[in-house]
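Q: I am new to this structure and would like a close look at a single part of it. Please give one connected account.
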Amino acid sequence: MAIMQFREAIRAAMIEEMERDERVFLIGEEVGQYDGAYKVSEGMLKRFGPKRVIDTPISEAGFAGLGIGAALNGLRPIVEFMTFNFSFVAFDQLVNNAAKIRYMSGGQFKIPIVFRGPNGAAGQLAATHSTSTESVYSYFPGLKVVAPSNPDDAKGLLKSAIRDDDPVIFLESELMYSMRGEVNEDPEYLIPLGKARIAREGEDVTIVAHSKSYWIALEVADRLAEEGYSAEVIDPRTIRPFDFDTVVQSIKKTNRCVIIDESNPFASVSSEVAFQVQQRAFDYLDAPVLRVTAKDTPAPYAKNLIEYYMPSADAAYEACKKVMYVD
Amino acid sequence: MASKTRKKQQATQVDQAAGQPNGQVVQLQVPSKPIHFEQTFETYPAGAYTHEELGLSREDLLAIYRNMLLQRRFEERAAQMYGKQKIAGFLHLYIGEEAVSTGAAWSIKIGHDSVITAYRDHGIALALGMTANECMAELFGKIDGCSRGKGGSMHFFKAEKKFFGGHGIVGGHVPLGVGIAFAHKYKEDGGVCLTFFGDGAMGQGTVHESMNLAALYKLPVVFIIENNQYAMGTAVWRAFANTEFYRYAANYNMPGALVDGMDVFSVMKALRKYVALAREYQPSVLEVRTYRYRGHSMSDPAKYRTKEELEAKKKEDPIIRLKSYMLQHGLSTNEELDAIDADVKKEVQASVEFAEKSPLPPLESIYEDVYAQPDYPFLA
Ligand SMILES: Cc1ncc(C[n+]2csc(CCOP(=O)(O)OP(=O)(O)O)c2C)c(N)n1
Ligand SMILES: [Mg+2]
């Protein structure tokens, strides 16, 4: 175990996998000479050279497609988006090519590629630079979507994503890059995709939250604990495929569920989780499933507005009290 | 495993990818005199080449003839089967353009070099040696189709031929061609990737991003613009400020050339040169001028062009051209060529029977090959 920043954990995963497998390479804007827009790939150009750490022009569709083509032809690319806001320029590459070529070719090709980079809001960056993309990408069969909440998960999941034979959208966060945590240093430490983590056990309410929202869930659980209620906090870690079983098992015990999700609310991760919960655990629910999400608007700039826009601990706390009928 | 020349080329990629060459100070300057560029683009006109200078034997010519004819007869039958509702969805015919696919396929090492194209893909598939059976079965949506009935007309694939599809989004596959070429270079396997697309795709940003990336990283790719003058009903001059597409090559510091796609010899002559260049990591752009005889797809009566225009182009037909060439040069006889036609028709007829008999894909197969992961938990 070592204490690492989130960005260092991601870097460690990439370095280990690149040393393990020559077919793995990193490509994206500013990943090489500049050491990464958020310093995730710091030192990697020096270590691996320009054959395997490749700076690109600002051509998201071009280099995302290049990665997919390279994956079709036997390599295992890691494509970094400076942020996932810019992945929309490459949307066709991700949703039509990465997600569908295996299917349309009748399984003749696999596409072992990871698209990674920061996702979601990061302060006052306004609407174009604050999109949470997990709901968008997890819509598409053929893609896998991972969104870790802490350095250890980031490392173990990214290593699994790189070794996975399917295309993986790997969502990080500017606001978490400097977060420190214990990280398993074993080069064979892999966390399987599609498995949730029960971060805290509890009896009274199940809180489901991934990525940054996970930390809100822990804060709420602490507040509830002070009042004598115990919340069970589940970090799904992978959004597609989603580990509904773990959530349903928990609800069988708590009979209540609150979802915290930084996505906009319509047709989002929280919508699907709520639907699946009612379908699979209807008889166990003592209250409607509630969710706390970003507002149903683009992300605003002004400090007070963006704070109001984001899912808050207060709102999540209220939601928990409400499903426990103690508000 | 790297040859010396490849090592050298790799070094160029280093400079390109890692910033200023040798760390020297680069200052942007504005010269005081007007700037004048000279640009030269090779041309490969029709009727300019002989089989001898291409090193083609009589047997080669017969095989080339047969292959072009196979594409023609296959698609004529496919059109009929579409009328009989055996084939559904979009069906885009390549008829008239066969010299491009055959000429290209005869200029690469099939199975070693890679090919990727858009949705008008039956011709190149058959040129690469995919069977009429597997192609017709795919059109019929049957399990023995080349994409197991999951792709249809627009999405043919064949891994063992290194045929990477068959793609339905105009311009969307062009970056993939660059990535396939990137992998050839990365693995140092000596392969090149032929990346075909239509004139219409020249309007897509991805094509221009791809050209820049290929030239920047010195990738073994040949961009082949199949300029058949129309994108659906839009003639090139209605869509492009500059319709001389080969000239875009110069913008990306690549060689460009203009090729007559109605003569298979011209296509081969050009392709051989630019495939060889690609093997030395010099990408290029070939504008191949060709023509589709049929409408854009089965529902298009092609009212945006005149009968005269079509008839004039049909006089340049690539199959008739090769036939006349062989007859003129005493390389074959009418009887022999007719026998080839009869044989091709038989093969195509057999493919229809094969497709008819092939089973529909089982319903469970809908969940197959979405993911490589065998136990993916699909939502019910
Ligand atoms: C991104 C996108 N926009 C529109 C279409 C619809 N469409 C299909 S083919 C086509 C024309 C393309 O023409 P061209 O690239 O010249 O190829 P050709 O059909 O002539 O072979 C259009 C507009 C599409 N498939 N993809
Ligand atoms: Mg066209």
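What spacing do the donors of the magnesium ion (ligand 2) follow along the chain?

A: In this predicted model, the donors of the magnesium ion (ligand 2) follow the spacing D-x28-N-x1-Y along the chain. The residues behind this pattern are Asp199(B), which coordinates through OD, Asn228(B), through OD1, and Tyr230(B), through O, at 2.0 to 2.1 Å. Asn228(B) counts as buried because its relative accessible area is 5%, under the 20% cut-off. Tyr230(B) has a relative accessible area of 6%, so this residue is buried by that criterion as well.

The residues that coordinate the magnesium ion (ligand 2) also lead to ligand 1. An oxygen atom of ligand 1 is placed 3.0 Å from an N or O atom in the side chain of Asp199(B). Backbone contacts are present too: an oxygen atom of ligand 1 is 2.8 Å from a polar backbone atom of Gly200(B), and one is 2.9 Å from a polar backbone atom of Tyr230(B). Of the 580 Å² that ligand 1 exposes when taken alone, the protein buries 71%.

As for the wider surroundings, ligand 1 has 15 residues around it, the closest being Tyr119(B), Arg120(B), Gly200(B), Asn228(B) and Tyr230(B). By character, this shell comprises seven nonpolar, six polar and two charged residues. The space that ligand 1 takes up is the second largest pocket. Asn228(B) and Tyr230(B) thus appear both as donors to the magnesium ion (ligand 2) and among the residues closest to ligand 1.

Conventions: Residues numbered from 1 in each chain as written. Chains lettered and ligands numbered in written order. Predicted model: local features only at pLDDT ≥ 70, side-chain atom pairs only at ≥ 80, totals over all residues. Heavy atoms only, no water. Near = heavy atom within 4 Å. Polar contact = N/O pair within 3.5 Å; in protein donor to acceptor, adjacent residues only side chain to side chain. Areas by Shrake-Rupley, 256 points an atom, 1.4 Å probe, with all protein chains shown as cover. 1 Å grid on protein atoms, 1.4 Å probe; cavity = no way out; pocket = protein on both sides within 12 Å on 5 of 7 lines; lining within 4 Å. Sits in = over half its atoms within 2 Å of the grid points. Nonpolar A, V, L, I, M, F, W, Y, C, P; charged D, E, K, R; others polar. Donors = N, O, S within 2.8 Å, 3.2 Å for Na, K, Ca; no water. Buried < 20%, exposed > 50% of the residue type's maximum accessible area, 1.4 Å probe, protein only.
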